[in-house]
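I opened this entry to record what I looked up around the ligand and in the sheet beside it. My notes follow the display.

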Amino acid sequence: MKCVFLVLATLGLSLAREVSTYDHFRLPTALRPQKYDVRILTQLENPEDFRFNGTVKIQIEVLQNTRNITLHSKDLAINDTEIALSEVGGEGKPGNCIASTEVNPTHDFYILNTCKELLAGQVYELSLHFSAKLEDQLSGYYRSSYEDAVANETRWISVTQFEPASARLAFPCFDEPGYKASFAITLGYHQKYTGLSNMPVKETRPHESIPDYVWTAFEDSVPMSTYLVAYSVNDFSHKPTTLPNGTLFRTWARPNAIDQSDYAAQFGPKVLQYYEQLFGTKFPLPKVDQIAVPDFSAGAMENWGLVTYAEFTLLYSPEYSSIEAKKGTANIVAHELAHQWFGNLVTMKWWTDLWLNEGFATYVANLGVEDIHPEWRTLQLNSISDLLTIFRTDSLESSHPISRPIEMTSQISESFDDISYQKGSSVIRMMHLFLGEETFRTGLKSYLERYAYKNAEQDNLWESLTQAAHKTGSLPTDYDIKTIMDSWTLQTGYPVINVTRNYTARTARLSQERYLLNTDISRAHKGCWWVPLSYTSQEEKDFNNTAPKEWMECTETGESVSKTIRDLPGPDQWVIFNNQLSAPYKVNYDAQNWKLLIATLNSEEYQSIHVVNRAQLIHDVLYFAWTGEQDYEIALQLISYLQRERQLLPWKTALDNLSFLSSILRQTPNNMFYKSFIRKLITPIYEHMNGINDTDSSIQQHDKVLLKGMVANWACTYEVSDCVSQAVSYFRNWRLEANPDELNPVPLGVRGIVYCTAIEHGSDEDWDFLWTRYQKANVATEKMTILDSLACSLEVWVQQRYLERIFDAKGDIRKQASLVVFPSIASAKVGFFLAKKYLMENVDSISKFYHPQSESMADILRPFSELIFTRRDYDEFKDFIANSKEHLKDIEQAISQSLETMLINVQWKERNYESFTLAIKNLAEINLVSE
Ligand code: BES
Ligand code: ZN
């Protein structure tokens, strides 16, 4: 029993509120919250006055004597006169009180100075009343809406998005991941709605004074971080499933979209069960809800027991969504449910280790999807895609280590990037492959058990894995995971291994250096990595063995040690390092080894090299040509083998790489040579895949559908064969349908390409037709495909009108969709100059449009980086950024990466443009198509 000793009313109506002198970005460590009681009343009925008000009671344990309670609160009106502080179990003792309050707006602190010192060992209960407007800012507690077509009405709902630091916008709290506590949430709302939160409903009763309102109380949560708390008031429908272990699994969507939730409703429970078995730990909550939110800033959010999604990521319509979209749904559900263990059960101590959340969820999601849909070959495809992504991002000087110091809230948001996700996932995959299945699982299980409901740092993971590895013998006893992995997580970048063979001695000498795209910067002394060396040779061809035969080591002071490999084959046999790209490094060989590889690739025997290593060779050689370590002649000789290639991965790798060249070349007079080069490259595979003529259902293999889509995209862009005429005729047939919203003859896998091509080659009426389809579509994935394609117009005025439409807050395009459309316009053939001008003239209003989601400006800026390649444009952009500091202040990382990418393009243009053009001209003389 606790007793209220003091209510602040005794101090008068309002406390002095000053700006605090405490200016460190972290909360003081004297206090620890144990339990929150949060009651929120949400008013959604009056569109003129959307608001919420609430009470939070926090039980706070005192760890060190202190005279203040410092917590987070942002944009909340806290009623100073109603603050109460009482000692739990302190009956009969003299009371304490709040003498004054202060704020620190920089760090969102709300500081309550107590009358008397709070003493270590005591537990206090603090009670605060607050209120705020329910805005549409997509963070904190916010509102969203959808149109009820039958009633012709707008329906309003509310939902939360707290990660990384927005719980403080919804209720005063200790908003850092290390402060885990139990949450008892109670929601008040009109009875026509449903209230959802992390835990199941405990009881619902009528509101004491507001007619037709109810209070719904939810069970106490398990100990968790504030960023995982969630609640929503909505009038959605749902599909329930019950797992064999009794967990209730429900999938929610607006009523007129609930029929699109079947796939997610089936997939979710399956993958949850898979994880229970993979991690050897039961899902700890009695239920999971997953909900499709119409307005949502991220793709999805893993709130414990109430996972929120953007509609287009969760909902799948077999009639309107592509197989790619289905795979996206599987992947995102698998990702968020993986977080229920990695992130929710065991949470990083501080955002420095965000990668432990995101890298794990990214990697483990691949295992989950692979288990349920082995036919998609997700594990291989996604793992390699992740590597290809970081091989680019992490070769920038302006990249950063996986584990990075975080000192400002904006840096937390910036950490949700390729490095935390894709590099995180890639180094975890590397460990999985060098440790083997059993050690990896045992190590993870013991880590999850040891830190369940607690917080951990990467060192804790290293320790669990080292113990498991030494027990199973999968790592030499004089090696430990920390030494190896620190070289990957505490240093920026990744190495290129230079392999020089001695063909008579049958040895190879290996050295390493950091691979950098920026050739103005020296690579010397830029780090050392512990590299697991798997390799095979032309006679052995054992690509399946991904366990390291040797390691490249570093000295204690971090210097690299060169390595000699023995017993290699003779001068007529190639060797390949890094079987199936099992670790994130590039490999460069001596000229003779490249020659041998190129000969095999350009022969009937090309498949004797594993498909992933074929992709690796393409990737490496194109990068080495870009940075000048290899001639374009050699690189093009190598990729000319693609005329035989029929697999997705090598094609994806080649085309992803070539797209950087396409962005530059298409703005130069030599584009005609490049165009004919691409046409020759694409034609055989385009014809082999029967153009864009087949329907999806006639193609059994999933990656063939993806390959077809990718090839068709290039074929229509470069006007290969009948691509454009076929696309235009599909579109024309669609326009002829009496009811085009019901019947669409365009095959699902190529809809985006067909729409884009038809808009590019079509009329204003075609644009308007497609825009109307957008307005009428009820499927979010179809809406996104259409929005993207509308950016393909070649009409300047149409593009200009579209630009204005996307930033119209009252228009038909939702905010998060605008972040997809603007980059599409900027990268479209005639969109670049318009988008650039628009941004430069309107940066002020654009940044206001996204406020307070200032990190959105990174998505607006990024598309320009691939498209700028002259010093003049680069300087112009740099000036623009310098003059717009105020609007771009929270995206420093994106700015430096964009500027560096532009500089790399400038370097390429100055160094390689002529030699590359010469190489493709020469190639034109050799007939690529001949077989
Ligand atoms: N935890 C994130 C959501 C998030 C992202 C919160 C950025 C705050 C800032 C979630 O688990 C996530 O990673 N979502 C991804 C999807 C995933 C499949 C890569 C997203 O939203 O893009
Ligand atoms: Zn995630």
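**Ligand shell and neighbouring sheet**

I began with the elements that line the ligand, and found that S21 and H3 each supply at least two residues of the shell around ligand 1. The model is a predicted one, and I read the contacts below with that in mind.

I then asked which element gives the most to this shell; it is H3, with 4 residues. In total 14 residues surround ligand 1, and I noted Glu163, Gly299, Glu302, Glu336 and Tyr421 as the closest. Sorted by class, the shell holds 6 nonpolar, 4 polar and 4 charged residues.

Next I went through the polar contacts. The side chain of Glu163 places an N or O atom 2.7 Å from a nitrogen atom of ligand 1, while a polar side-chain atom of Glu336 lies 2.7 Å from an oxygen atom of the ligand. At Gly299 the backbone is involved, with a polar atom 2.5 Å from an oxygen atom of ligand 1. Of the 520 Å² of accessible area that ligand 1 has on its own, the protein covers 78%.

I turned to the sheet to place S21, and found an open sheet of 5 strands in the order S18-S19-S20-S22-S21, with mixed pairing. Strands S18 (237-242) and S21 (300-301) are its edges, each pairing on one side only. S21 runs antiparallel to S22 (residues 306-310), to which 2 bridges join it, and Ala300 has Tyr309 in S22 as its bridge partner.

Last, I checked helix H3 (residues 323-339), which lies across S19, S20, S21 and S22 and runs at about 150° to S22.

Conventions:
Residues are numbered from 1 along each chain as its sequence is written. Chains are lettered from A and ligands numbered from 1 in the order in which they are written. This is a predicted model: local features need pLDDT of at least 70, side-chain atom pairs count only at pLDDT 80 or more; totals for chains, interfaces and linings use all residues. Side-chain values use heavy atoms; hydrogens and water are left out. Two strands pair if DSSP finds at least two bridges between them. Contact means heavy atoms within 4.5 Å. Axes are lines fitted to C-alpha atoms, for helices over the stretch in contact, and angles run from 0 to 180 degrees between N-to-C directions. A residue is near a molecule or strand if one of its heavy atoms lies within 4 Å of it. A polar contact is a pair of N or O atoms within 3.5 Å; within protein, one must be able to donate a hydrogen and the other to accept it, and residues adjacent in sequence count only if both atoms are side-chain atoms. Accessible areas come from the Shrake-Rupley method with a 1.4 Å probe; for residues, only the protein chains shown count as cover. Ala, Val, Leu, Ile, Met, Phe, Trp, Tyr, Cys and Pro count as nonpolar, Asp, Glu, Lys and Arg as charged, and the others, Gly among them, as polar.
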